[in-house]
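Colleague: I've got the model open and would like to poke at it with you. Can you walk me through what the numbers say?

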Amino acid sequence: MAHQCINTRQEAFNKPKVELHVHLDGAIRLETILDVAQRRGIALPADTPVGLAPFVILQVPSTLTDFLSKFSQYMHVIAGDREAIKRVAYEFVESKAKEGVVYVEVRYSPHLLANSKVDPIPWNQEEGDLTPDEVVDLVNQGLSEGEKKLGVKARSILCCMRHQPNWSMEVVELCKKYQKNGVVAIDLAGDESQDCKACPQHREAFEEAVRSGIHRTAHAGEVGQASVVKEAVEVLKAERIGHGYHTIEDEVLYKQLLKQNMHFEVCPISSKFTGACDPDFTKHPLIRFKEDEANYSLNTDDPLILNSTLDTDYNTAQEYMGFTEDEFKRLNLNAANSSFLPEKEKGELVNHLRSAYGMVNSL
């Protein structure tokens with residue numbers, strides 16, 4: 001596990017941060033997985049964090065398929081267990097507090113944590129009585145407790161999965177139900193090769209989101225071509241793009257999105273290990289985004305599988321991409337302005353950052 005250097009050097013940016021693209025199920029602690037497995041009597045390939053790490057952490061740059069396969073090593077331990085789901089949500093806020101994050105939007109698929117009223121039941125679980133609806137409630141409880149105790153404002157985004165279009169209408173209904181209770185947006189995640197036009201359920205779910213005032217983001221242009229980004233913007237009416245690296249391969253689209261001030265949720269460490277970008281960080285599309293003063297944020301994506309923290313992404317941007325403190329301030333203010341908070345709370349967040357950054361307060 002020598003690919004990261006965690007807590008071995010000074011933070012590149014030790015001021016308040018905003019994170020907009022991180023998966024709850026990719027941010028669980030190894031210790032928690034082992035603890036829950038022991039309580040539930042579930043056998044794992046190892047019984048210590050060091051022993052379990054090679055099964056869960058991606059060791060070398062690989063493919064998105066290999067990356068996603070890591071979830072099957074541990075998700076069956078957490079899914080379907082009320083106590084575990086609430087716990088991982090609380091611990092997530094705890095981890096973000098340590099990283100200096102003051103506002104975070106964390107995403108997950110409620111169906112992938114459920115074992116009832118979901119078809120198919122994920123992770124080879126036996127059918128139980130935990131529905132996707134109750135999963136959302138449990139995550140909300142954990143995030144809310146974390147926010148009260150730790151002072152990190154945490155909101156959630158519910159994911160539709162490209163390979164399970166039959167879940168998508170229920171996802172948007174859950175977004176509507178919990179819109180005033182922590183859920184701020186809908187997302188589309190999964191295999192980008194699956195055309196949204198060929199899956200009308202995804203399009204219909206996002207159309208319903210537009211009608212209902214639900215904010216929208218979508219994974220696009222991570223390993224997929226620029227055309228997937230175009231589809232996310234035009235068909236799904238996405239307000240932000242998850243990753244979006246391959247957008248720059250279509251200059252017309254890229255310039256159009258720059259003009260629209262489209263926000264790109266960039267995850268540098270992740271993009272190396274999923275094979276989304278050249279593993280040489282000095283050739284990363286993020287450098288182009290920076291040079292063009294694009295609207296983007298820095299995010300961890302799945303820190304468990306990447307053995308990383310938000311500081312790893314910031315240190316990488318500083319060391320290999322020429323990022324300065326001023327650019328870190330700019331991108332965090334952009335992240336705050338592109339967050340899915342209500343306007344009043346968004347304004348408060350922006351002013352909080354400006355004050356912390358020694359800038360004159362203004363909306």
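Colleague: Let's start with K148: is it buried or exposed?

Modeller: Quick caveat before that: this is a predicted model, where local features need pLDDT of at least 70 and side-chain atom pairs count only at pLDDT 80 or more, while totals for chains, interfaces and linings use all residues. Residues are numbered from 1 along each chain as its sequence is written, and side-chain values use heavy atoms, with hydrogens and water left out. Buried means under 20% relative accessible area, exposed over 50%, and partly exposed is in between (1.4 Å probe, protein chains only). K148 comes out at 69% relative accessibility, so K148 is exposed.

Colleague: Which helix is K148 found in?

Modeller: Helices are DSSP runs of H or I with at least four residues, strands are runs of E with at least two, and both are numbered from the N terminus. By that count, K148 belongs to residues 132-150, helix α6.

Colleague: And how far apart are the C-alpha atoms of K148 and V266?

Modeller: Along the chain, K148 and V266 are 118 residues apart. In space, their C-alpha atoms are separated by 28 Å.

Colleague: Now the sheet: in what order do the strands come?

Modeller: Two strands pair if DSSP finds at least two bridges between them. There are 8 strands here, in an open sheet with parallel pairing. The edges, each pairing on one side only, are β1 (17-23) and β8 (295-298). The full order is β1-β2-β3-β4-β5-β6-β7-β8.

Colleague: β1 is an edge strand, so how many of its 7 residues are buried?

Modeller: On its paired side, β1 runs parallel to β2, with 5 bridges joining them; in one of the pairings, E19 has V104 as its partner. β1 is largely enclosed by the rest of the structure, because the buried count is 7 of the 7.

Colleague: What angle does helix α5 make with β2?

Modeller: Axes are lines fitted to C-alpha atoms, for helices over the stretch in contact (heavy atoms within 4.5 Å). Angles run from 0 to 180 degrees between N-to-C directions. Helix α5 (residues 82-98) lies across β1, β2 (101-108) and β3 (153-161), and its angle to β2 is about 145 degrees.

Colleague: Which residues line the largest cavity?

Modeller: A cavity is a set of points on a 1 Å grid over the protein atoms alone where a 1.4 Å probe fits but cannot get out, and lining residues have an atom within 4 Å of a point. Points are joined across faces, edges and corners, and the volume is the space filled by probe spheres set on them. The structure holds 1 cavity of 30 Å³ or more, and the largest has a volume of about 30 Å³. Its lining is A27, I28, R29, V88, E91, F92 and S95.

Colleague: Any backbone oddities to check? Which two residues does the cis peptide bond join?

Modeller: Most peptide bonds are trans. Here omega is about -5 degrees, and the proline involved lies in the loop between β2 and α6. The pair is D119 and P120.

Colleague: What is phi of K117?

Modeller: Most residues other than glycine have a negative phi. K117 sits in the loop between β2 and α6, and at 67% relative accessibility K117 counts as exposed. Its phi is positive, near 55 degrees.

Colleague: And where does E293 lie?

Modeller: E293 has a positive phi too, near 50 degrees. With a relative accessible area of 61%, E293 is exposed. Its place is the loop between α12 (285-291) and β8.

Conventions
1 Å grid on protein atoms, 1.4 Å probe; cavity = no way out; pocket = protein on both sides within 12 Å on 5 of 7 lines; lining within 4 Å.
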